[in-house]
Amino acid sequence: METQRTEAKPVGPLASFVRFVVCGGGVGVLSSAAVPLLALLMPWAAANAVITVASTILCTELHALFTFGTGGRAGLRRHLQSAGSATAAYVVTCAAMFALHSVQSSPSLAWEQAVYLGASGLAGIGRFLVLRLFVFAGRKENEAVAVRPVRGGRVHHGDLLLAR
């Protein structure tokens, strides 16, 4: 059966940033509500770790499918690479919360939310850059691409893409 390569269209930096903010920000807002609720059952750092892992898996899939236009799911390699930037974000949010609790012994939920969201926003900008420039930077030559059948007619030598 004859096949033809199909690739996802690359997404420009501004469009991918807007998509990153919508996907990552939406999950981030939900996470910011989930962390203090889960922290009622366990230490805050553990609650943050659980929510960070779950939201990172979800966001990596969303970023692969929508944000960076890869045309497919993230795969294990991209999940592992994304986990590195999520670990850095976790450290930033924990450090911000530690600083808040050092300054104010019993901050209100509103203060915790503000500090957490602020730290998450700064960490998010760093994550966007890492994901855009390294994790989802484009197809490597040794990665597989989707193929689909060529309809009708024969494929001639001039129709084939032999090298990039």
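Start with the whole chain in view and trace it from the N terminus: the elements run β-α-α-α-α-β. That comes to four helices and two strands. Keep in mind as you go that this is a predicted model.

**Stop 1: the whole chain**

Colour the chain by accessibility. Of its 164 residues, 30% are buried. Switch on the surface next: the chain exposes about 10,400 Å², and carbon and sulfur atoms supply 69% of that area. How much of the contact pattern comes from residues 24 or more positions apart? Among contacts with a separation of 6 or more, such pairs account for 72%.

**Stop 2: Ala123 in helix α4**

Now select helix α4, residues 109–135, and pick out Ala123 within it. Is Ala123 buried or exposed? Its relative accessible area is 11%, and because buried means under 20%, Ala123 counts as buried.

Add Ala89 to the selection. Along the sequence, Ala123 and Ala89 are 34 residues apart, yet C-alpha to C-alpha they are 5.0 Å apart in space. Which residues does Ala123 touch once its neighbours within four places in sequence are left aside? They are Ala89 and Val92.

**Stop 3: the salt bridge**

Side chains of opposite charge can pair when their charged atoms come close. A search of the whole structure finds one salt bridge, so there is a single pair to look for here. Select Arg73 and Glu61 to see it: their closest N and O atoms are 3.0 Å apart.

Where do the two partners sit? Arg73 lies in the loop between α2 (44–67) and α3 (75–103), while Glu61 belongs to helix α2, so the pair ties together parts that are twelve residues apart in sequence. Look at the surroundings of each partner too. Arg73 is exposed, at 64% relative accessibility, whereas Glu61 is buried, with a relative accessible area of 14%.

**Stop 4: the cavity**

Rolling a probe the size of a water molecule over the atoms shows where empty space is left. A search of the whole structure turns up one cavity of 30 Å³ or more. The largest cavity has a volume of about 50 Å³.

To find the spot, select the lining residues: Ser32, Val35, Pro36, Trp44, Met97, Glu112, Gln113 and Tyr116. Helices α1 (13–38) and α4 are the elements that give two or more residues to this lining. Colour the lining of the largest cavity by class and you should find five nonpolar, two polar and one charged residues.

**Stop 5: the largest pocket**

Finish at the largest pocket, which has a volume of about 540 Å³. To centre your view, select Gly24, Gly28, Ser120, Gly121 and Gly124; of the 27 lining residues, these lie nearest the centre of the pocket.

Which elements give two or more residues to the lining of the largest pocket? They are α1, α2, α3 and α4. Highlight α1 in particular: this helix gives the most to the lining of the largest pocket, with nine residues. As a last step, colour the lining of the largest pocket by class, where 13 residues are nonpolar, 13 are polar and one is charged.

How values were computed
Residues are numbered from 1 along each chain as its sequence is written. This is a predicted model: local features need pLDDT of at least 70, side-chain atom pairs count only at pLDDT 80 or more; totals for chains, interfaces and linings use all residues. Side-chain values use heavy atoms; hydrogens and water are left out. Buried means under 20% relative accessible area, exposed over 50%, partly exposed in between (1.4 Å probe, protein chains only). Contact means heavy atoms within 4.5 Å. A salt bridge is a side-chain nitrogen of Lys or Arg within 4 Å of a carboxyl oxygen of Asp or Glu. Accessible areas come from the Shrake-Rupley method with a 1.4 Å probe; for residues, only the protein chains shown count as cover. On a 1 Å grid over the protein atoms alone, a cavity is a set of points where a 1.4 Å probe fits but cannot get out, and a pocket is an open set with protein on both sides within 12 Å along at least five of seven lines; lining residues have an atom within 4 Å of a point. Grid points are joined across faces, edges and corners, and a volume is the space filled by probe spheres set on the points. Ala, Val, Leu, Ile, Met, Phe, Trp, Tyr, Cys and Pro count as nonpolar, Asp, Glu, Lys and Arg as charged, and the others, Gly among them, as polar.
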